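Here's a look at how the chains of one protein model sit against each other. Keep the structure open while you read.

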4 protein chains.
Amino acid sequence: MTTDTDTTHAQRGYISDKKGYLARLKRIEGQARGISRMIDDEKYCIDILTQISAVTSALETVALGLLDDHLRHCVADAARAGGSEADAKITEASQAIARLVRS
Amino acid sequence: MTTDTDTTHAQRGYISDKKGYLARLKRIEGQARGISRMIDDEKYCIDILTQISAVTSALETVALGLLDDHLRHCVADAARAGGSEADAKITEASQAIARLVRS
Amino acid sequence: MTTDTDTTHAQRGYISDKKGYLARLKRIEGQARGISRMIDDEKYCIDILTQISAVTSALETVALGLLDDHLRHCVADAARAGGSEADAKITEASQAIARLVRS
Amino acid sequence: MTTDTDTTHAQRGYISDKKGYLARLKRIEGQARGISRMIDDEKYCIDILTQISAVTSALETVALGLLDDHLRHCVADAARAGGSEADAKITEASQAIARLVRS
């Protein structure tokens, strides 16, 4: 699901708190593994749903942080450069926001 | 984040397609690991956000499936038994739905 | 967008707090009119977005309340009656929940 | 729920398609009135929930459009001006996005 923009767009340094994000993702992976175990053990459904809501919220927090970094660096840089690149960056950011709001 | 209801409420057999859920969760774990790697490699922010939206949607699909199983078994059984147990089960289900809608 | 199930399914008495719902909807209508005015007056965008988030949350609260009423009456009644009607009611409720979670 | 930033921040001309937004809001108001009537007439709960999901989605579409306008004008202008004003505008936009994602 990653695209070939990965290579061309890799931009060192725009992520504000890489260590913090990696720690959060580590915790999210652990929670996902925990949900697997709960399903395998057929734990009480409501408890599994509570865990899923917690993981979803944690992922949203990561997404909102990365989006803030993105606006603060890529989008602001593009706005300063101006022209069609600025327009394209904002369209792209708006589409990513729409996916987050609707997911 | 699991509670002591885990032990008391474990109910074998209510999960409709355990193998399917476990396969989905395995994929979700892999995606979470992929997001970690993308952050570590400082891939393009928008591509990371796309992956997070995909994981969030996948988790929602699991949650909606488990909730359907829960209504179909636990809640329907409680409704048939009637009384305060039925009321309590529906209150608990409504609270889980609210957490999903708001997360 | 209403369907012909409206007529056939009208069921007096299942709504727990009709007066409360109508008061909330009245407030929501007023807020929607307020948003129109804010757009017409070109108020500050962020303030309009705050109002939209407030209306969305208020609508979700109404939806979650109605869903609780629905589970407590229609779905529980169908579960007690049993058979394919019970299955159909739960499928229908699950689909409505999915629309709420994803909207 | 509007704030005193209304007056200071009113900025003519940043809304891309005012007529389109007002038409959508008019439709949303009508739908909200329709939901009131459905509750008053005790229409089938699932049909009311379908209408609420439709209104919520319509409001989200308006919010995402206004947010795109905001990024394209206010945020981009502030980025070009630079300094603490740019930082403040992006923080404010990120908070509005978070409210939309979580509502």
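In this predicted model, a turn of 180° and a shift of 0.0 Å along the axis lay chain C on chain D with an RMSD of 0.0 Å; the fit is by least squares on the C-alpha atoms of residues with pLDDT of at least 70 in both. The two copies are thus related as by a two-fold rotation axis. And 100% of the interface residues of chain C are also interface residues in chain D, so the copies meet through the same surface.

Now for chains A and B. Here 58 residues of chain A are in contact with 59 residues of chain B, where contact means heavy atoms within 4.5 Å. Together they bury about 5300 Å², with 64% of it on carbon and sulfur atoms. (Buried area is the accessible area, with a 1.4 Å probe, that two parts lose on being put together, summed over both.) On the chain A side, Ile39(A), Glu42(A) and Tyr44(A) lose the most area to chain B, together 14% of what that side buries.

What about charges? The rule finds six salt bridges across this interface, each a side-chain nitrogen of Lys or Arg within 4 Å of a carboxyl oxygen of Asp or Glu. In one of them, Lys18(B) pairs with Glu42(A), and the closest N and O atoms are 3.2 Å apart.

Here are the helices giving two or more residues to the side of chain A that touches chain B (DSSP runs of H or I, at least four residues, numbered from the N terminus):

| Helix of chain A | Residues |
|---|---|
| helix 1 | 5-9 |
| helix 2 | 18-40 |
| helix 3 | 45-81 |
| helix 4 | 83-102 |

Helix 3 of chain A gives the largest share, 21 residues.

A few notes on the conventions: residues are numbered from 1 along each chain as its sequence is written, while chains are lettered from A and ligands numbered from 1 in the order in which they are written. Local features need pLDDT of at least 70, side-chain atom pairs count only at pLDDT 80 or more, totals for chains, interfaces and linings use all residues, and side-chain values use heavy atoms, with hydrogens and water left out.
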